[in-house]
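Reader: I should like to learn how the disulfides of a protein are read from its coordinates. Could you take me through the reasoning step by step?

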Amino acid sequence: MDRVIIYLLLACLFSWTISVVRSEDPYWYFTWKVTYGIASPLGVPQQVILINDQFPGPNINSTSNNNIVVNVFNNLDEPLLFHWSGVQQRKNSWQDGLPGTNCPIQPGANFTYKFQVKDQIGSYFYYPSLGLHRAAGGFGGLRINSRLLIPVPYPDPEDDYTVLIGDWFTKSHATLKKFLDGGRSLGRPEGVLINGQNAKGDGSDKPLFEMKEGKTYKYRVCNVGLKDTLNFRIQDHPMLLVEMEGSHTVQNIYDSLDVHVGMCFSVLVTADKKPRDYYMVASTRFSKTLITGKGIIRYSNGKGPASPEIPAAPIGWAWSLNQFKSFRWNLTASAARPNPQGSYHYGQINITRTIKLVNSVSRSSGKLLYGLNGVSHVDPETPIKLAEYFEIPDKVFKYNVISDNPSSVATTLTVQPNVLNITYRTFVEIVFENHEKSIQSYHLCGYSFFFVAIEPGLWTPEKRKSYNMLDTVSRNTVQVFPKSWAAILLTFDNAGVWNLRSEIAENRYLGQQLYISVLSPERSIRDEFNIPNNCLLCGAVKDLPKPPPYA
């Protein structure tokens, strides 16, 4: 009997020890030295932002629930922040890296981001978020793989590649910023890059990627540009869409995909054509001038250059709208958790609040402004998140300065911080109404949402009859076509301060964005993490004592 008791005690002790060892998920540590450098991605030497001497920056390769620690050394001559686009930062908007949540890293200083990719999979990217830094580079891929115990609805690919596409300007980010500050528009980009390059087609190009004949590869494609939707395609190779911004999709085959600014897709491509070089192509959409970027994919046993005949891009936005309607959520696949995606029945939840956001532009007295519901957002010196945490919001901004249902399009814009307060754990409908002749692309931090509809014309409550309430894809970006509206649904269950912004750099920089404050009434670490010990303080909170920590 004594031996049995000892055995049971040892077994309990052993089990506890294992649980302690496994209680915290793995950590990945990165040290980034951020500097200026000179590169010639379009044949013209220009200043770019490098991370550890790389342009674009290094990939972050992680798995669901991993902890990411990035120590950033700012060797630029201006303040710096990094944003992790698509990472939800559950209970942790402290790490979101935006001017509304964080004080900037000053020149010559360093700051360590620490966050967990909690309950997420998918393809994302990071970038420097202040001013127009993204126009100079500093961006890179961020992938979150599924845990081994979670089945993925397709066989493991031979390899997994990140493809960063984007329009590109040869003028410096400082010059582009001066344009906008002076009332000018950014104008037309000079080119399109694929992973920081554009193939010349003269036989001197090195391949971006290599494929073995007969094997299947995963390509994670993100539009990291400033303004243009890009159509992505690969010569003679159809693409099987499998994932979109953290959601497994119904697996349809596409010859090309429209990738709007800030969006990411994952596709499978099989190397089943004649072994030689092929072009990967990204070209501008919805613009008067067609600009094309190319990169080489090489078969490992191939001989011969890529054909100069580039597959044509589609014309018009009706094609893009129809493609959007073909995207469907894979209801039976498991994402970050074992339960199927379709077990969340978003269509059966009652809407508690409807917010209609109408974008507009104002040009007066030599000043160019963009806004939402009559307000052009400006970032205060004190980040909104810090002002709220230190309980001095009234000294920095006002809540709810815009109406949930504007009656008309604003012809003049008020310049001030635009902050909405949304009740914790409520199910909200957000409608985007675009009266402009140009396409819009929006991103919401901290969440994924259900993109239930997009149609030409104006939104009315009767339009809800057209919503896809069963299997629309859960994602974090939404495009709104010219003279059209789009609707999303989501539960605001992630406490913190979150940015909703135009992904069009000019619009965002000149005010087409806002912040959403989601406060937990409990003020408990169950709902939100305490302020990090290394949190940078600035503005009105710089010398204030920290409030008591959450219980």
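Reader: To begin with a single pair, how far apart are the sulfur atoms of C222 and C264?

Author: As a general idea, a disulfide is a covalent bond between the sulfur atoms of two cysteines. The structure shown is a predicted model, and the test applied is that the two sulfur atoms lie within 2.5 Å. In the present case, the sulfur atoms of C222 and C264 are 2.1 Å apart, and the two residues form a disulfide.

Reader: Which parts of the chain does the link of C222 and C264 tie together?

Author: C222 belongs to strand β12 (residues 216-223) and C264 to strand β18 (residues 264-270), so the bond joins parts 42 residues apart in sequence. The torsion about its S-S bond is 115°, and the link is right-handed.

Reader: Are C222 and C264 buried or exposed?

Author: The cut-off to keep in mind is that a residue is buried under 20% relative accessible area. C222 has a relative accessibility of 1% and therefore counts as buried; C264, with 2%, is buried as well.

Reader: How many disulfides does a search of the whole structure find?

Author: The search finds 2. Besides the link already discussed, C103 and C538 form a disulfide, with their sulfur atoms 2.1 Å apart. This pair connects distant parts of the chain, 435 residues apart: C103 sits in the loop between β5 (82-85) and β6 (110-116), while C538 lies in the segment after β33 (513-518).

Reader: Why is the disulfide of C103 and C538 called left-handed?

Author: The handedness is read from the torsion about the S-S bond, which is about -85° for C103 and C538, so this disulfide is left-handed. As to burial, C103 counts as buried at 4% relative accessibility, and C538 counts as buried at 15%.

Reader: What pattern do the disulfides of the protein follow?

Author: When the bonded cysteines are counted along the chain, the pattern is 1-4, 2-3.

Reader: Why is C535 not bonded to C103, whose sulfur is the closest cysteine sulfur?

Author: The reasoning returns to distance: the sulfur of C535 is 6.4 Å from that of C103, which is too far for a bond. C535 is nevertheless buried, its relative accessible area being 14%.

Reader: Where is the closest cysteine sulfur to that of C445?

Author: That sulfur is in C264, at 13 Å, and the distance is too far for a bond. C445 is likewise buried, with a relative accessible area of 2%.

Terms used: Residues are numbered from 1 along each chain as its sequence is written. This is a predicted model: local features need pLDDT of at least 70, side-chain atom pairs count only at pLDDT 80 or more; totals for chains, interfaces and linings use all residues. Side-chain values use heavy atoms; hydrogens and water are left out. Helices (H or I, at least four residues) and strands (E, at least two) are DSSP runs, numbered from the N terminus. Buried means under 20% relative accessible area, exposed over 50%, partly exposed in between (1.4 Å probe, protein chains only).
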